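Trainee: Could we go through this model together, with you showing me how each label is justified?
Mentor: Gladly; here it is.

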Amino acid sequence: MTQSAATAAPTPVESFLAGAWLPPGSDPATLLSAIDGRPVARVGNGGFDARAVLAYARGTGGPALRAMTFHDRARLIKALALYLQARRDALYELSYDTGGTLSDHKIDVDGGIGTALVIASKGRRELPDARIHRDGDPEMLSRGGSFLGQHVHVPLRGVAVHINAYNFPVWGMLEKLAPAILAGVPVIVKPATATAQVAEAAFRMIVESGILPAGAAQLITGGVGDLLDHLTCQDTVGFTGSAATAGRLRAQGAILRNAVRFTAEQDSLNASVLGPDAAPGSAEFDIFVREAVAEITAKAGQKCTATRRMMVPQGLLDPVGDAIAAGLAAVRVGDPRLEGVGMGALVSRAQRADVEEKAALIGAEARALTGPVSFEGDVEGGAFLAPQLFACADPDSADHVHRTEAFGPVSTVMAYRDADHAATLLARGGGSLVASVMTADPDFAGHMVAEAGAYHGRIYINNAASAAEATGH
């Protein structure tokens, strides 16, 4: 770190509302580096006129977007993604103080840009060069065929409010922004405060590009004030974060009263299952262990899809646990700016305390398989936490193992008796974004899909035949 970087004043993180940048208010939150604890940013706003912000989106951004075809809007998204791609190094550098490694930053920044490019491509390939999308063929509504019905999709006349999580400040923003713009709906982005400086930097690039029409995208850093109180049936809210916060937002009076479309990606006890055919030394066993280590350590476990629970055949609890523990012990943990470090810090000391509290609940029902680690570099004042792997001997009686998400480098391995028992344990998580199955047995894989598919957004199956091209859990 240079002396100037160490002594620099915290950067003010601004909002972009009604076409103008607004500085933080008089009492902003101070963000500390997850690596060394020094102040790096000030985030907050001094209040704003929510009605004016919404009116600007609805009255300026909405009409400009709706005047374009799907293909026109797809071209905007592609141009925007390429503009960000050419400037991503600055986002990598800024992201170090959020605790991640360069590999973690690439997941966020490159992942977000790549997602936007895919959405732009799908918009050109799968949607018409028109302002209305016909859904299916016309339906005959009369015997003679002179009276027909046609389902169509048209843009909403409101605004899409995006409340994003701290772990993916760039990807989380772009994966929501791109489809909304493609649909012809203006966006108001509310990044999580903990990493708002990264989201603001990416959004500043979006504004500087001049690619999107005025009013198509706005940014709120800090609190949203009474914005949600003024939403209507034409508006949408997309939320990523905790189930508790999602519940509070969903219960907002205007959201309930006006039937505002509300979608949430919240707590997810994702799981991985090792098939009964995967003995130690098999390709599937090795894939399972390798991906388990990656899921625990990538972004220090701060991913919505990270594996929190692992089910293995009876008799393999110790071999699997020992193999994963050995893999974790080989990962260098510490200052992510140092060469060779494979896992950085949690986003903040507050988040570390939260993970430690929840890991203790899990640890009361399971035994620890990992010990303390020596951190690399000067990490005094940072938010570093050693990976924690647990083994649960009685998963049927356990409670916190199946419902407590420690959003960090924490996971639990447990044994199942047969395929039905494995599916039952999967369901104990109450649903998740993804479950993975490592097996070369098509019958076992099919059973997991049939019995557990209803509880998961997707089921990812991998084995020796697909490992070379598989994306990972």
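Mentor: Let's start with a residue pair: Ala 368 has Phe 390, in strand 16, as its bridge partner. Keep in mind that this is a predicted model.

Trainee: How do you know that strand 15 and strand 16 count as paired?

Mentor: Pairing requires at least two bridges between the strands. Strand 15 is joined to strand 16 (residues 388–392) by 2 bridges, and the two run antiparallel. The requirement is met, so they count as a pair.

Trainee: Which sheet do they belong to?

Mentor: An open sheet of 7 strands, in the order 15-16-17-14-13-18-19, with mixed pairing.

Trainee: What makes strand 15 and strand 19 edge strands?

Mentor: Strand 15 (367–368) and strand 19 (456–462) each have a single partner strand, so one side of each lacks a neighbour in the sheet. As background, strands of a sheet pair through backbone hydrogen bonds, in parallel or antiparallel fashion.

Trainee: Now strand 11. Why is it called largely enclosed?

Mentor: A residue is buried when its relative accessible area is under 20%. In strand 11 (residues 236–240), 5 of the 5 residues are buried, so the rest of the structure largely encloses this strand. Thr 236, Gly 238 and Thr 240 point one way, while Val 237 and Phe 239 point the other way, and all are buried.

Trainee: What are the partners of strand 11, and in which sense does it pair with them, parallel or antiparallel?

Mentor: Strand 8 pairs with strand 11 over 4 bridges in the parallel sense. Strand 12 (residues 261–265) also runs parallel to strand 11, and 5 bridges join those two. For particular residues, Val 161 has Val 237 of strand 11 as its bridge partner, and Phe 239 is matched with Ala 264 in strand 12.

Trainee: Asn 164 has a polar side chain, so I was curious about its surroundings. Why is Asn 164 called buried or exposed, whichever applies?

Mentor: Its relative accessible area is 7%. The limit for buried is under 20%, so Asn 164 is buried. Asn 164 sits in the loop between strand 8 (160–163) and helix 6 (171–183). Setting aside residues up to four places away in sequence, Asn 164 touches Gly 172, Met 173, Lys 176, Val 189, Lys 190, Pro 191, Ala 192 and Thr 240. Thr 240 is one of the residues of strand 11 we just discussed.

Trainee: And Gly 99: what makes it buried?

Mentor: A relative accessible area of 0% is under 20%, so Gly 99 is buried. Gly 99 lies in the loop between helix 4 (88–95) and helix 5 (102–126). Apart from neighbours within four places in sequence, its contacts are Ala 34, Pro 336, Gly 344, Ala 345 and Leu 346.

Trainee: What is notable about the backbone of Ala 259 and Ala 300?

Mentor: Neither is a glycine, yet Ala 259 has a positive phi of about 55° and Ala 300 has a positive phi of about 50°. Ala 259 is in the loop between helix 9 (253–257) and strand 12, and Ala 300 is in the loop between helix 10 (283–297) and strand 14 (309–313).

Trainee: How do you know which of them is buried and which is exposed?

Mentor: Exposed means over 50%, and Ala 259 has 54%, so Ala 259 is exposed. Ala 300 has 1%, which is under 20%, so Ala 300 is buried.

Trainee: Then why is Ala 244 called partly exposed?

Mentor: Ala 244, in helix 8 (residues 243–250), has a relative accessible area of 48%. That value falls between the 20% and 50% limits, so the label is partly exposed.

Trainee: Stepping back, what makes the chain as compact as a globular protein?

Mentor: The chain has 15 helices and 19 strands. Its radius of gyration is 24 Å, close to the 23 Å from the globule rule for 473 residues, so the chain is as compact as a globular protein of that length. Buried residues account for 52% of the chain. Of the contacts with a separation of 6 or more, 75% are between residues 24 or more positions apart.

Terms used. Residues are numbered from 1 along each chain as its sequence is written. This is a predicted model: local features need pLDDT of at least 70, side-chain atom pairs count only at pLDDT 80 or more; totals for chains, interfaces and linings use all residues. Side-chain values use heavy atoms; hydrogens and water are left out. Buried means under 20% relative accessible area, exposed over 50%, partly exposed in between (1.4 Å probe, protein chains only). Contact means heavy atoms within 4.5 Å. The radius of gyration is taken over C-alpha atoms; the globule rule is 2.2 Å times the number of residues to the power 0.38.
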